[in-house]
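Please open the model in a viewer and keep the selection panel at hand. The stops below proceed from one helix to its surroundings and then to two helix pairings.

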Amino acid sequence: MLGVLVLRLRTERGGHYSMFPGKLLHGALFCCMAAYDDALAGDLHERRVKPFTVGMLWRVGKSFGAVPQARELNEPHYAAGEKLLLRLTALDEDVLFAFLHIPCGTQLAVGKLIFTVEEVLANGQEDTGCVEVEELIAAALSMEEVTQFRISFRSPTVFRVDNADCAVPRPELIFASLTDKWTWQRLPSVLDKAYVRGVAAKLTQLEWRGAGLRIRQSAQKTVPGFMGDFTFRMDRLSAEEREIILLLAQFAPFCGTGRLTAQGFGETQIVFS
């Protein structure tokens, strides 16, 4: 079972950050999981690959259309009483249940700022919901009319290539990353990464609107990232190749794209047409 949830938050103690708060959000969510199931939190802490993602804090009513300025990401300010949304995803039933059982009224201490959970959404509002992996596979086999798709990277996204960070939205990197995540979760339908990379290279890029950014993870470290919307057409793909790309594209909103997806990076949305 895969799930997308959104926490509705109210800022209790406002203030500003001096770096991108992804790591701090990661730690706050671990505290919630430990309160629900300490053994689960301990097990997840030991895993190299986390079966969940943590998005960025978004102000209620804010449009996702424009790429934020780097300062908005690296030095965000939230006032007391301000309402925010935090998107979470789960790739594991135990994690999904832990997120669903976050009690309303829970306080998240994210650095010096404190947020109260007002509601946990998982019923279709704000693009939330749960799905079985088999449903994704069946959907990929039944999307004959789909000819193109738009990928929206709603938080900074970065890949690891040859031991270096790479913030270039090439389809080969996007779909190789998604293949890794599918494999790491031991999901059905074995996918060959080299084959998928070759298929992705045949996608035709129609349109892109985005920007590169430097993300401050600490006082001493920044990493590159990109955000934006990228549209691809599948006109050069065989039927089998289309099914693979469509399957991974559907998986992307659950697993995120690139690295550091449990620390605010790689939040992904897909629109098919």
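Helices here are DSSP runs of H or I with at least four residues, numbered from the N terminus. The model is a predicted one.

Select first residues 171-184, which form helix α6. Its 14 residues reach 20 Å from the first C-alpha to the last, close to the 20 Å expected at 1.5 Å a residue. Twelve of the 14 residues are buried, so α6 is largely enclosed by the rest of the structure. Among the buried positions are P171, F175, D180, K181 and W182. Then move to R186, which follows α6 and has a positive phi, near 55 degrees.

Next, display helix α5 (residues 133-141) together with helix α8 (residues 239-255). Their axes come within 8 Å and cross at roughly 140 degrees, which means that α5 is oblique to α8. The crossing of these two helices is right-handed. To view the contact, show L136, I137, A139, A140 and L141 of α5 with E243, L246, L247, Q250, F251 and F254 of α8. By class, nine of these residues are nonpolar, one is polar and one is charged.

Keep α8 on screen and add helix α7, residues 193-200. The axes of α7 and α8 lie 10 Å apart, at an angle of about 100 degrees; α7 is therefore roughly perpendicular to α8. Here the contact joins Y195, V196, V199 and A200 of α7 to E240, E241, I244, I245 and L248 of α8. Seven of the contact residues are nonpolar, none is polar and two are charged.

Note on methods
Residues numbered from 1 in each chain as written. Predicted model: local features only at pLDDT ≥ 70, side-chain atom pairs only at ≥ 80, totals over all residues. Heavy atoms only, no water. Axes fitted to C-alpha atoms, helices over the stretch in contact; angles between N-to-C directions. Parallel < 35°, antiparallel > 145°, perpendicular 65-115°, else oblique. Left-handed = near helix turned anticlockwise from the far one by under 90°. Contact = heavy atoms within 4.5 Å. Nonpolar A, V, L, I, M, F, W, Y, C, P; charged D, E, K, R; others polar. Expected span 1.5 Å × (residues − 1). Buried < 20%, exposed > 50% of the residue type's maximum accessible area, 1.4 Å probe, protein only.
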